[in-house]
Amino acid sequence: MTRTIVIINAGDSPGLNFIRSLKRAGGWRVVGIDIDLQEYHGSEADVRYLFDWSDEDRLVEYVNEIIERHAAEFLYVADTDRELPVVSRRRDEFRAPLFLPDHTDHMLMEDKWRTWGALDAADLPVPDSALVTGRSTLADMLSRYPKVWLRRISGSAGSGSMSTTSIDFAEAWIDHQNGWDGSFMVAECLGLRTATFSGIWLNGELVASQLRERLGWKYPWLAVSGVTGITGAQRTVWDEQLHELAVACIRTVCRSPHGAIGVDFTYDDAGNPRVTELQPARFYSSMLFLAEAGINLPDLYCRLALDGRGTSPARINPVRNRVVWVKGVDHLPELLTEDQYFVDADK
Ligand SMILES: Nc1ncnc2c1ncn2[C@@H]1O[C@H](COP(=O)(O)OP(=O)(O)O)[C@@H](O)[C@H]1O
Ligand SMILES: [Mg+2]
């Protein structure tokens with residue numbers, strides 16, 4: 001039996017990897033709606049639509065038309081663009097079910113400053129941070145840390161991020177980004193090592209999860225901060241304490257975790273993980289990696305949404321050996337063992 005789902009923002013990395021994971025599992029027909037022309041052409045949905053909107057009533061109406069036309073059983077938004085908050089807020093108006101966190105939880109997680117506040121209040125490990133309200137905020141942080149990290153409190157892929165040791169550069173950056181209105185935060189600058197938790201929750205219960213470590217950002221020279229949001233090589237990991245920390249963070253911020261929720265960590269110089277972000281409502285772009293490695297989260301997510309929990313046991317970080325996923329623009333992704341990946345250069 002093939003089941004049809006509608007995916008909004010199908011044609012960029014998170015959507016492509018979600019669709020490829022569903023194709024890998026089989027049994028799904030995907031109808032994609034893209035807003036961006038290039039993403040429309042890049043989409044691998046079975047049926048594709050290009051739709052632009054300014055009036056959100058029209059967005060809801062259009063998505064419902066597509067759901068009805070294809071008798072779709074489920075609706076998913078693959079990326080954090082303009083559409084996701086509207087769909088989350090108006091979730092009850094769609095003619096297909098969604099599998100999203102509670103809207104208040106969702107909005108809290110979309111706001112990195114409020115997320116930081118909730119985690120800090122619970123004594124969870126976060127980088128020392130402040131909301132940028134004036135030059136004095138920047139001066140204060142730079143008097144306490146040799147280097148600071150500036151970023152926008154909303155968005156993804158390192159939005160507005162920059163690291164500096166200079167008060168003048170920090171101030172010029174906030175000027176340039178029009179960021180004096182409470183839309184920027186400043187943090188102590190952490191190191192380069194990062195890790196990520198991906199999980200699926202059902203009414204407060206963790207049903208599946210997996211940890212990964214990023215081995216590097218692709219094209220770091222293209223972004224002022226070095227964060228392009230395009231992960232290069234990455235590997236699966238198992239770290240019980242890190243897993244417990246991720247779960248504790250989600251339970252602290254969400255009243256009742258539900259749907260796809262991720263956690264991003266950056267390590268400090270002492271080697272301790274600090275939480276920089278909770279990623280609500282959608283999966284990261286590395287889902288085909290995890291599917292190839294042994295845990296297909298998009299397929300499980302859609303089946304949970306349509307069929308419920310059933311009796312199968314929770315899948316907590318099932319991939320405990322380290323396998324590496326290597327990819328790049330025009331470079332088809334490949335799964336390697338660590339021995340295959342870490343080769344010595346010819347002398
Ligand atoms: N305080 C910080 N110090 C150093 N690097 C940071 C800091 N905060 C974030 N980063 C880097 O920026 C990346 C993206 O940050 P993240 O919190 O995941 O937000 P988003 O993915 O929405 O841009 C992190 O993976 C990390 O590489
Ligand atoms: Mg992130």
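This is a selection-by-selection tour of a predicted model of one protein chain with a ligand.

**Whole chain**

Start with the protein chain in cartoon view, where 12 helices and 16 strands are assigned. Along the principal axes, the C-alpha atoms fill a box of roughly 60 × 55 × 40 Å. A compact globule of 347 residues would have a radius of gyration near 20 Å, and the protein chain agrees with this because its own value is 20 Å. Colour by burial next: 41% of the 347 residues count as buried. If contacts are drawn between residues at least 6 apart in sequence, 65% of them join residues at least 24 apart.

**Domains**

Now colour by domain. The assignment gives domain 1 as 3–99, domain 2 as 128–188 and domain 3 as 194–341. Where do domain 2 and domain 3 touch, and how many residues does each give to the contact? Six residues come from domain 2 and six residues from domain 3. On the domain 2 side of that contact, two residues are nonpolar, four are polar and none is charged. The C-alpha centres of domain 2 and domain 3 are 27 Å apart.

**Ligand 1**

Select ligand 1 and expand the selection to the shell of 16 residues that surround it. The closest of these are Trp-149, Leu-190, Asp-264, Thr-276 and Glu-277. Two elements each give two or more residues to the shell: β12 (259–267) and β13 (273–280). Which domains should be kept visible here, each giving at least three residues to the shell? They are domain 2 (128–188) and domain 3 (194–341). Colouring the shell by class shows seven nonpolar, seven polar and two charged residues.

**The largest nonpolar core**

Hide the ligand and select the largest nonpolar core, which has 68 residues. Its members with the most contacts to other members are Ile-5, Val-6, Ile-7, Val-30 and Cys-249. Helix α10 (residues 287–293) gives the largest share of this core, six residues. Why does the core lie between domain 1 and domain 3? Domain 1 (3–99) and domain 3 (194–341) both give residues to it, so it lies between them.

Centre the view on Ile-7. Leaving aside residues up to four places away in sequence, Ile-7 touches Gly-15, Phe-18, Ile-19, Val-30, Gly-32, Ala-45, Tyr-76 and Ala-78.

A second core, separate from the 68-residue one, has 17 residues, among them Ala-170, Ile-174, Met-185 and Cys-189.

**Ala-25 and its surroundings**

Go next to helix α1 (residues 13–25), where Ala-25 is found. Is Ala-25 buried or partly exposed? With 14 other C-beta atoms within 10 Å, Ala-25 is partly exposed; a buried residue would need 20 or more. Put a distance label between Ala-25 and Ala-291: the two are 266 residues apart in sequence, and their C-alpha atoms are 8.7 Å apart. Not counting residues up to four places away in sequence, Ala-25 touches Asn-296 and Asp-299.

**Helix α11**

Asp-299, one of the contacts of Ala-25, leads to the last selection, helix α11 (residues 297–307). Show the side chains of its buried residues: Leu-297, Pro-298, Asp-299, Tyr-301, Cys-302 and Ala-305. An α-helix has 3.6 residues a turn, so residues three or four places apart point the same way. End the tour at Gly-308, which follows α11 and has a positive phi, near 85°.

Definitions and conventions
Residues numbered from 1 in each chain as written. Chains lettered and ligands numbered in written order. Predicted model: local features only at pLDDT ≥ 70, side-chain atom pairs only at ≥ 80, totals over all residues. Near = placed C-beta within 6 Å. Helix = DSSP H or I, 4+ residues; strand = E, 2+ residues; numbered from the N terminus. Nonpolar A, V, L, I, M, F, W, Y, C, P; charged D, E, K, R; others polar. Domains from an automatic or database assignment. Contact = placed C-beta atoms within 7 Å. Core = buried A, V, L, I, M, F, W, Y, C linked by C-beta atoms within 7 Å. Buried ≥ 20, exposed ≤ 12 C-beta atoms within 10 Å, placed from the backbone. Rg over C-alpha atoms; globule rule 2.2 N^0.38 Å.
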